Each structure stands twice: as C-alpha cells, then as structure tokens.
Amino acid sequence: MKKILLILSVFLVTITGFAQQVAPDNTKPYLVFDASYNLAPVASGTNTQVAIYYSNLNATAIKAVQFRFWYDKTVFDSPTVTYTGSETNSLFNTKVNTTEGSVTVTWVYTGASTSFNIVNGSMFNVSLPFKAAYTNGAVTAMAFTGATAYPAYGALANGTDTALGLQNYGGVFAEPVFNYAATVLNSPTNPSTGIPVILQKSSDGNTWTDVMTVNTVATGVAAFTTNLDQNYWQIRVKVAPGIVAPAAIAAADADMIAQIATGLQAPTGIQFYTANPNQSNGITVSDSYTVFSRLAQGLTAYPTTPDILFFTEAQYNTIAAASTDQSGTIPGAVTFLSANINNTTAANYYLLVLGDANGTGHN
C-alpha cells in the first residue's frame with residue numbers, strides 16, 4: 001500500500017508541475033502563463049523573459065489566435081514579443097500600449113496545408129526590459145485581463161472564430177535563482193555535520209536579514225537554493241554562537257594538553273587553539289585541568305569560553321602551516337560572518353574545537 005501511495009504521489013507531483021504549462025481542460029484551445037518566471041538581475045543589461053504557452057487538448061485544428069496580455073508598466077519598459085513556434089508560414093503582429101501596460105498579439109497561419117494545427121508548447125516570448133529607476137521590489141504578475149478588454153479568439157479551418165481560453169497559473173515573478181554550497185570542515189579530510197549555516201541578505205551592508213538556515217550534512221555541505229538578486233542584495237553566510245561539541249572532548253585530550261604543557265610534545269599550529277581551551281597564557285596545566293574538570297563534572301560547556309572557533313579557509317591554512325601560535329593575529333570567530341559571497345558558488349569554512357587536542361572534531 002505504501003508503494004502504491006508513493007507512486008501515486010510522485011505521479012501527482014509530476015502532473016502538477018507539468019500542468020503549469022498546459023490547458024486546464026479540453027473544451028477549447030488555451031494560451032497559458034506559467035506559475036512563475038525568474039526576473040533578470042537588475043543592472044545586468046539583460047531582459048526578463050516570459051514564455052506564453054499554447055495548449056490544445058482536443059482534436060479541433062486551430063489556424064490563428066488573437067489575444068491581449070498585461071505587464072507591470074511601472075517596472076518594465078516597452079516589451080518585445082516574438083513568435084517562438086516552428087511554423088514559417090505565418091503572419092505575426094503586435095501592438096504595445098505603454099500607457100496601460102498591455103500588448104495585443106495576432107498570429108495567423110498563411111500556408112496551404114488543410115491539416116495544419118498549431119503545435120502545443122511555447123508559442124510566444126515576451127522580453128521585458130527594466131525601467132532605469134527600478135532596483136528591487138514587488139513586481140505585478142503577468143495577466144490576461146486588464147484595463148481595456150479585447151476578445152480572445154482562435155480561428156477554425158472554415159474561417160470562423162472559436163473561443164480561445166486564457167489560463168494564468170500565476171504569472172508571478174521571482175528574483176533570479178541563487179545557488180551556494182558552504183562546506184564546514186574540522187580539517188581538509190574531516191567534514192563537520194549538523195552545523196546550522198544561515199544565509200543572510202542586506203540592501204546596504206548594515207542591516208542583515210536571515211533568508212534561510214541549512215544544516216551541514218555528512219559531507220559538511222550546507223547547500224542553498226533560493227531566489228536572490230546578487231546585483232541588488234549583498235549576501236553572506238553566518239554561523240551563530242552557542243554550538244557545543246562534547247563528543248569531541250575526552251580524557252585523552254586533557255592528557256595530551258598536559259604533555260604539551262610539560263614539554264613532552266611540541267604543539268602543532270592547530271593545537272595552539274585546540275589545546276588552549278581557556279584561551280589565556282598559551283598552553284598550560286590550567287587548560288588540561290579545564291578539560292578534566294568539564295569531563296568529571298559532566299558539563300556540556302566551558303564556564304567562560306566557547307566550544308568552537310570558526311575560520312576562513314585562508315586563515316585555517318595559515319594556522320595549519322604554522323609552528324608558532326597565530327591566535328594573536330587570527331583569533332577565530334565565535335560568531336562567524338563570511339565576506340560577501342556574491343557571484344560565487346561555493347566556499348570552505350573551518351572550525352576548531354577548544355580542548356580537542358587530538359583533533360576528533362565536531363561530528
């Protein structure tokens with residue numbers, strides 16, 4: 001039964017997605033606006049593209065269409081409409097009314113075939129240039145109804161009019177798609193799982209708004225897909241403070257810290273951070289005691305210091321290659337804020353767990 005329901009749900013999802021470009025019924029031919037369209041990036045010099053689909057689910061052949069649609073005249077300058085079908089024997093005309101933001105379209109088959117029928121699929125494309133003053137904000141959806149009515153007709157083989165349906169599944173606009181992968185690592189071969197990475201946006205670089213939060217998976221990747229115009233928004237990722245890593249800390253770490261403090265082991269560049277959980281006076285017996293005390297008392301966090309510090313990839317590489325303490329110039333971040341990630345698709349970020357001298361990491 002579960003398999004049947006799963007197959008049915010997949011079928012319904014498939015049909016629902018396809019139905020955004022097809023007629024709602026077989027009573028007449030239709031022209032269709034899809035559910036949504038992606039805006040072009042602002043100030044990119046490119047236009048927003050809107051496809052208008054033709055869909056006829058019955059056997060009646062249609063030889064011509066006439067209709068009118070409306071666009072947001074406050075956002076877009078005069079559009080250009082093109083015929084995108086494959087029929088070369090045709091006459092195509094448009095009339096743009098910038099005062100009310102409408103376009104009247106007529107298309108007529110001019111060939112000799114008596115069996116010709118308009119092919120289903122994308123039939124027209126509307127290329128919409130932004131007005132110079134537009135930067136970002138709400139855009140009114142495309143529409144088949146507006147200020148001045150216009151009859152929508154198809155033409156039958158005998159030269160008479162027939163009803164032409166106009167189906168709008170939404171016609172709404174979304175900002176361009178933004179994809180980004182933030183990978184959080186303990187080391188180059190040890191990804192960190194379960195780190196909540198926050199995607200943020202700002203129009204001025206001062207006030208930031210959370211867009212979405214994605215937890216890192218087993219590969220350490222937090223993958224973001226959303227609609228953000230990188231030409232308008234400043235975009236960054238953030239990791240908030242308060243993440244703990246008790247599973248990374250053990251008595252063996254405290255023992256190793258004590259050996260480093262005694263001089264029995266020389267610290268690596270990474271251990272100048274991980275073996276110094278109290279973050280003062282370098283690596284001393286107090287750091288060993290801090291870990292032993294936390295374990296003995298069953299504490300979930302240190303009294304005054306964080307569990308985790310975050311670093312950029314460049315910072316981590318500097319630390320890992322060093323033989324001396326770099327914390328004076330690279331202290332690490334308790335609250336991690338990346339540089340702007342506009343026009344990039346991926347980056348690696350690193351964390352170090354304080355007290356984790358053995359390098360188990362946050363997993």
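Let me start with one residue pair: in strand S18, Ile235 is the bridge partner of Lys201. Keep in mind throughout that this is a predicted model.

That pair belongs to a strand pairing. S18 covers residues 234-239, and five bridges join S18 to S15, with the two strands running antiparallel. S15 itself spans residues 196-202, and it is mostly covered, with five of its seven residues buried.

S15 has another partner. Strand S16, residues 209-215, also runs antiparallel to S15, and six bridges join the two. One position to look at here is Val197, which stands opposite Val214 in S16. S15 and S16 form a hairpin with six residues between the strands, and in that hairpin Gly205 takes a positive phi near 80 degrees.

Now to the helices. Helix H2 is residues 251-262 and helix H4 is residues 285-297; their axes come within 8 Å and cross at roughly 165 degrees. How are H2 and H4 oriented to each other? Angles over 145 degrees count as roughly antiparallel, so H2 and H4 are roughly antiparallel to each other. The crossing of H2 past H4 is left-handed.

Which residues make the contact? On the H2 side they are Ala251, Ala254, Asp255, Ile257, Ala258 and Ala261. On the H4 side they are Val285, Asp287, Ser288, Val291, Phe292 and Leu295. Sorted by character, the residues of this contact are nine nonpolar, one polar and two charged.

To go back over it: S15 is bridged to S16 and to S18, and H2 passes H4 in a left-handed crossing.

How values were computed: Residues numbered from 1 in each chain as written. Predicted model: local features only at pLDDT ≥ 70, side-chain atom pairs only at ≥ 80, totals over all residues. Heavy atoms only, no water. Buried < 20%, exposed > 50% of the residue type's maximum accessible area, 1.4 Å probe, protein only. Helix = DSSP H or I, 4+ residues; strand = E, 2+ residues; numbered from the N terminus. Pairing = 2+ DSSP bridges. Axes fitted to C-alpha atoms, helices over the stretch in contact; angles between N-to-C directions. Parallel < 35°, antiparallel > 145°, perpendicular 65-115°, else oblique. Left-handed = near helix turned anticlockwise from the far one by under 90°. Contact = heavy atoms within 4.5 Å. Nonpolar A, V, L, I, M, F, W, Y, C, P; charged D, E, K, R; others polar.
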